[in-house]
Amino acid sequence: MGDLNGIIQAIMELIVAGIVGVIFYSIKKNEFDQDESGKDLEKMYILLFAMLIIEGVAYLIRRLDGGFAAFFVRTAQFLIYEANFAMAFLYFQYLKASLPREHVGIKIKRGGYAIYGLLYVGAVLVIINLFVKMMYDFDASNRIQKNNLFNIYLLIIALTNVIDFVLLYMHK
């Protein structure tokens, strides 16, 4: 049953990647605004598409025996966690660039400092996890096992979203 769950998850990831690709293509066909916010949005779509493809392939490959499967799954998971921080960064950049210039003041700058600080700490923690398995590890069948400090990762992502929401609400 575990293999079936992985296959279903892989299919779902790849289907969503296809949907993201179609949305990106249709928006690109109608031409993104080539201002700063449009470029950030374009990068977000590309990164999301790549993340979904990598994760879908990782779900399929993890069933295989051998060192390549273990290497690919571990590398993919590391890249996905780091890419989530990159997505949070790009979203804040998009949000900041979307606001009228007169709204980009000290509150946005302070919010940016908080977000950048959180993302830096999170990225460093994921890198440290490569050596000290404090957030996540893998079992013999290449399935992720979340450890005690995994909640810090989730908290960092949640806090960046809360800061984005507050900044967006203040400048609605």
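**A walk through the chain**

Of the 172 residues in the protein chain, 37% count as buried. Keep in mind that you're looking at a predicted model.

Start with the whole chain in cartoon view. You'll find five helices and two strands, and reading from the N terminus the order is α-α-α-α-β-β-α. Now switch on the surface: about 10300 Å² is accessible, and 67% of that belongs to carbon and sulfur atoms. As for contacts with a separation of 6 or more, 66% of them join residues 24 or more positions apart.

Next, go inside. Select Tyr 81, Phe 85, Val 126, Met 135, Tyr 136 and Tyr 153: these have the most contacts inside the largest nonpolar core, which has 24 residues. To see where that core comes from, colour helix H3 (67–98), helix H4 (106–129), strand S1 (136–138) and helix H5 (150–170), since each supplies at least two of its residues. Then pick Met 51, Ile 80, Ala 83 and Met 87; they are among the six residues of a second, separate core.

Back to Met 135. Which residues is it in contact with, leaving aside neighbours within four places in sequence? Show Leu 125, Val 126, Asn 129, Gln 145, Lys 146, Asn 147, Leu 149, Phe 150 and Tyr 153.

Last stop: Asn 129, in helix H4. Is Asn 129 buried or exposed? Its relative accessible area is 1%, so Asn 129 counts as buried, the cut-off being under 20%. Not counting residues up to four places away in sequence, Asn 129 touches Met 134, Met 135 and Tyr 136, and the last two of these also appear in the core selection you made earlier.

How values were computed. Residues numbered from 1 in each chain as written. Predicted model: local features only at pLDDT ≥ 70, side-chain atom pairs only at ≥ 80, totals over all residues. Heavy atoms only, no water. Helix = DSSP H or I, 4+ residues; strand = E, 2+ residues; numbered from the N terminus. Buried < 20%, exposed > 50% of the residue type's maximum accessible area, 1.4 Å probe, protein only. Contact = heavy atoms within 4.5 Å. Areas by Shrake-Rupley, 256 points an atom, 1.4 Å probe, with all protein chains shown as cover. Core = buried A, V, L, I, M, F, W, Y, C linked by side-chain atoms within 4.5 Å.
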